[in-house]
Amino acid sequence: MSVKKTPETVVEAVQLSKRYAGNTVVNKLDLKIEAGCFCGILGPNGAGKTTTLRMFIGHCPIDDGHLAIFGLTMPEQASLVRESIGVVPQMDNLDPDFTVEENLHVYGRFFGIAADVLKTRIVELLDFASLQDKADSQISELSGGMRRRLSLARALINKPALLILDEPTTGLDPQARQAIWQKLRALKKQGMTLVLTTHYMEEAERLCDRVIVMDHGEIKADAPPKQLIRTEVESHVLEVHAADEALITQVKMDPAIARFEKSGDIHFFYGNKFNLALAVLEQSTHDDYLFRPANLEDVFIKLTGRDLRE
């Protein structure tokens with residue numbers, strides 16, 4: 001599948017803001033996304049991720065600032081922009097009255113694709129989504145993973161230059177998630193620009209070449225995943241589960257510990273080698289602990305906090 005050529009800058013937001021009932025949801029966002037980038041946007045519930053994506057596709061009015069997609073001003077030129085955008089929504093909205101092939105056909109007709117071109121395109125997309133044998137199946141006959149792959153195929157019907165995915169693998173089992181990842185990597189290799197929101201830190205870390213962390217409508221960090229891990233948090237984490245205070249007091253004596261947090265009955269120690277702390281734990285009878293390299297989830301928690309967001 002070929003990808004449409006696009007301007008060097010696909011998304012450009014300057015002081016972009018959105019308010020609901022007096023509450024600022026997106027606050028003076030400055031952002032550029034270059035062509036060919038796989039950009040992940042992370043944030044807790046209510047951080048402004050989905051509202052930002054809705055402004056990208058012209059489904060949400062802009063209160064302040066400037067937004068251009070492919071150099072076209074939004075929302076004034078939203079109809080032109082949508083011709084070159086594909087969207088995979090958070091929740092499947094496939095038509096249950098149509099077969100797999102009919103879902104693709106009807107969606108393709110919305111873009112005015114000629115019948116002969118659309119017929120070829122549907123064959124390509126069924127092959128891409130590994131749904132060749134399901135063309136005549138009803139939506140109710142598909143597994144969750146198949147439905148997500150069909151939603152992805154449908155979003156590609158118009159050969160978009162920008163693909164927006166709002167939590168595309170939520171609720172999928174590991175095998176189905178890996179299958180979606182494989183398809184997204186293939187699109188990235190073709191030069192497509194992708195913007196992804198997800199609550200799976202591993203997904204962003206493994207797929208994206210750039211990660212933006214948002215909270216309270218603002219960008220808290222913006223860099224490649226490995227750079228964020230290297231610069232925002234300490235190199236290693238020691239998790240100690242359900243330990244008594246006497247043991248924790250001994251562990252805290254390690255001078256390598258840079259900071260410490262507690263969540264429930266889990267103690268988190270951040271630092272480097274932890275020679276003393278590990279020796280204390282190994283000599284004790286307590287074996288419920290984990291020593292690991294820091295990851296993107298540690299960055300996320302540090303920047304947005306551990307408080308539960310509903």
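**Exercise 1. A salt bridge within helix H7**

Task: In this predicted model, work out how Arg-206 and Glu-202 are placed along helix H7 (residues 201-207), and state what links their side chains.

Solution: Begin with the sequence positions, since Arg-206 and Glu-202 are four residues apart in helix H7 and are therefore separated by about one helical turn. An α-helix has 3.6 residues a turn, so residues three or four places apart point the same way. Next, turn to the side chains: Arg-206 forms a salt bridge with Glu-202, and the closest N and O atoms are 2.7 Å apart. Finally, consider the surroundings of the two partners, where Arg-206 counts as partly exposed at 42% relative accessibility, and Glu-202 is likewise partly exposed, with a relative accessible area of 45%.

**Exercise 2. Other salt bridges**

Task: State how many salt bridges a search of the whole structure finds, and decide whether Arg-292 and Asp-298 are buried or exposed.

Solution: The search of the whole structure finds 13 salt bridges. One of them joins the side chains of Arg-292 and Asp-298, at 2.7 Å from N to O, and for this pair both Arg-292 and Asp-298 are buried. Another salt bridge brings together Glu-218 and Lys-220, at 3.6 Å from N to O, a distance that falls within the 4 Å cut-off. Here Glu-218 is partly exposed at 30% relative accessibility, and Lys-220 is partly exposed at 35%. A further step leads beyond simple pairs, to a network of salt bridges that links Glu-234, Arg-259 and Glu-261.

**Exercise 3. Aromatic rings and the charges over them**

Task: Classify the ring pair formed by Phe-274 and Phe-291, and identify which parts of the chain this pair ties together.

Solution: The structure holds four aromatic pairs. For Phe-274 and Phe-291, the ring centres are 5.8 Å apart and the planes stand at 80 degrees, so the pair is edge-to-face, the cut-off for that class being over 60 degrees. Then locate the two residues: Phe-274 lies in the loop between strand E13 (266-271) and helix H10 (275-283), while Phe-291 belongs to strand E14 (residues 289-293), so the pair ties together parts that are 17 residues apart in sequence. As for accessibility, Phe-274 is buried, with a relative accessible area of 0%, whereas Phe-291, at 33%, counts as partly exposed.

Elsewhere, ring pairs link Tyr-107, Phe-110 and Phe-111 into a cluster. The face of Tyr-107 also has Arg-154 lying over it, at 5.0 Å from the ring centre. A second arrangement of this kind places the charged end of Arg-177 over the ring of Tyr-200, 4.0 Å from its centre.

**Exercise 4. Helix H5 and its cover**

Task: Compare the span of helix H5 (residues 144-155) with the span expected for it, and find how many of its residues are buried.

Solution: Helix H5 has twelve residues and reaches 17 Å from its first C-alpha to its last, which is close to the 16 Å expected at 1.5 Å a residue. Nine of the twelve residues are buried, leaving H5 mostly covered; among them are Leu-150, Leu-152 and Arg-154. The cover over the buried residues of H5 includes helices H3 (100-110), H4 (115-128) and H6 (174-189), together with strands E6 (85-88) and E7 (162-166).

**Exercise 5. Two domains**

Task: Give the bounds of the assigned domains and the separation of their centres.

Solution: The domain assignment of the protein chain gives domain 1 (9-230) and domain 2 (234-293). Taken over C-alpha atoms, the centres of domain 1 and domain 2 are separated by 40 Å.

Terms used
Residues numbered from 1 in each chain as written. Predicted model: local features only at pLDDT ≥ 70, side-chain atom pairs only at ≥ 80, totals over all residues. Heavy atoms only, no water. Phe/Tyr/Trp six-rings, centres within 6.5 Å; stacked < 30°, edge-to-face > 60°. Buried < 20%, exposed > 50% of the residue type's maximum accessible area, 1.4 Å probe, protein only. Lys NZ or Arg CZ within 6 Å of the ring centre and 35° of its normal. Domains from an automatic or database assignment. Expected span 1.5 Å × (residues − 1). Contact = heavy atoms within 4.5 Å.
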